[in-house]
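Q: Please take a close look at one part of this structure, namely its salt bridges. Which residues take part, and where do they lie?

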Amino acid sequence: ASGGAAAMPASLSKAAEPQGDEERRALARRRVRLICISSFLSLCQHVMVVQTEPRLVLELCKGNKARAARMLGNTSGIVGILSLFLNQAGGRLSDITGRKPGFLLGPVMNIFLGWLVFKKSSNLTLVMVCRVLRLICTTFSNTVMADAAIADVCAKGGSLEEARSQIMLAVGVGMLGTPFLEAALLQKGLKYVYVALSGTALAHAAFSIAALPETLPPSERSSSQLTLASLNPLGFVRVFTEGSRALWQLTVLTTFQMFLEGKNISDIAQTWVRDGLKWSVEGIRNFVIIYGTLQTLAAALLAPWMRTIMDAKTFTSVTNLLNLFGFSIRGLKASTLLWLVAMVPMLPGVNGTCAIPLKARATELATAQGFGKGEYSAWANNLRALVGSAAPMLYGQIWSALQKRGGNTGLTFAFAGVAGALVPQLMLWSMKDSDLGVGPQP
């Protein structure tokens with residue numbers, strides 16, 4: 001009898017295990033959805049001024065297009081450099097205190113920055129300072145924290161690759177409705193868009209406080225203290241000195257893919273459709289909505305389907321080569337038809353979607369090699385910030401040089417395709433399948 005009694009709890013325990021696993025997966029899915037909502041709201045704050053800011057800067061530069069392009073590019077470069085410090089310190093701190101304070105930083109700052117630009121929209125220096133602070137804080141809350149949080153969640157159940165795909169879907173959805181609001185407010189005046197930015201940030205802050213879960217419980221937080229060494233913005237060097245060859249190769253490869261990230265291309269794309277293609281505010285709005293719809297559908301249906309029939313290496317190769325083709329032809333001449341046609345091949349891998357499988361693989365390797373999730377997220381995003389610093393400055397300088405010489409400024413997109421698609425593809429071809437997590441594993 002005693003043996004039977006002893007056996008029952010064991011059998012019950014075994015029966016309960018699948019249920020526990022399913023509950024953990026369900027909890028992970030709920031938390032990923034909430035993180036996606038946060039990313040959606042952050043993206044809305046970024047897209048809110050995608051037309052407005054270049055126009056405002058051009059107006060404050062008294063119509064000097066070359067100067068406006070340089071200022072937009074240079075401030076994006078400053079954002080990249082300053083992000084190194086915030087990403088490192090904030091990512092490391094989040095491993096100690098939790099993720100939620102980091103999620104709040106972006107929206108809380110944007111409440112005040114949006115209102116400040118609204119009140120002082122004629123002050124070029126203030127507008128550019130607010131642009132820098134907005135981009136730094138929004139990117140931190142929407143990348144470093146989101147990446148670390150989904151890594152926390154998926155460690156307890158769920159696919160990291162699937163979660164990253166859902167984040168990209170939320171980004172696509174964010175591109176759909178926001179341009180309507182921006183275009184409507186532009187009819188009243190440039191500065192009124194910043195009021196909407198401030199209001200969206202207020203809603204985001206309220207959501208973060210009320211609904212966004214803390215994904216890193218106290219029992220799993222780092223017990224180490226913050227030191228000057230741990231706050232070093234060049235701490236990502238440890239990936240190369242302490243990580244495996246596969247880890248640093250994947251990290252570099254996915255970093256180069258960010259040359260084609262939307263925020264790095266946005267300024268020259270807006271300038272091209274406005275000055276090269278001569279689109280109106282409504283035309284740009286309609287394009288952003290259509291493009292956002294197609295991107296959303298691609299992120300929700302096409303890219304996931306491709307990943308079910310392709311391994312990580314094949315998916316990344318296909319999307320890299322499609323991006324290279326699309327970016328190489330889109331600016332060959334000032335043609336609306338060419339611009340629209342070039343958009344199609346880029347859809348499966350646009351705006352960082354091409355990097356999803358290999359980013360998930362890099363995060364898995366980093367965690368297995370003992371790096372903190374927030375720490376590695378900060379390092380990856382610091383490298384991304386370096387690209388975010390270099391890319392817009394390079395694009396702005398190339399654009400300005402071509403314009404001064406009377407050349408085709410649209411060729412800047414071809415340079416972006418080489419940096420963000422061809423270079424990482426050459427790196428990918430040099431890597432072993434086992435390092436990519438495909439084929440037979442050693």
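A: The following account treats the salt bridges in turn and then one neighbouring topic. The model is a predicted one. Across the whole structure, a search finds ten salt bridges. Side chains of opposite charge can pair when their charged atoms come close.

One such pair is formed by Glu53 and Arg131, whose side chains meet in a salt bridge at 3.0 Å, N to O. This pair links distant parts of the chain, for Glu53 belongs to helix α2 (residues 52-60) and Arg131 to helix α5, 78 residues apart. Glu53 is buried, with a relative accessible area of 3%, and Arg131 is buried as well, at 4%.

Arg131 also forms a salt bridge with Asp267, the closest N and O atoms being 2.9 Å apart. Here helix α5, which holds Arg131, is linked to helix α10, which holds Asp267, and the two residues are 136 residues apart. Asp267 counts as buried because its relative accessibility is 14%, which is under 20%. Glu53, Arg131, Arg134 and Asp267 are linked in a network of salt bridges.

A further salt bridge joins Lys65 and Asp275, with 3.8 Å between the closest N and O atoms. Lys65 lies in helix α3 (residues 65-97) and Asp275 in helix α10 (residues 262-276), so that this pair, 210 residues apart, links distant parts of the chain. Lys65 is partly exposed, with a relative accessible area of 35%, whereas Asp275 is buried, at 17%.

Helix α5 (residues 124-154) also contains Thr139. The side chain of Thr139 reaches the backbone oxygen of Leu135 at 2.7 Å.

Technical notes: Residues numbered from 1 in each chain as written. Predicted model: local features only at pLDDT ≥ 70, side-chain atom pairs only at ≥ 80, totals over all residues. Heavy atoms only, no water. Helix = DSSP H or I, 4+ residues; strand = E, 2+ residues; numbered from the N terminus. Polar contact = N/O pair within 3.5 Å; in protein donor to acceptor, adjacent residues only side chain to side chain. Salt bridge = Lys/Arg side-chain N within 4 Å of Asp/Glu carboxyl O. Buried < 20%, exposed > 50% of the residue type's maximum accessible area, 1.4 Å probe, protein only.
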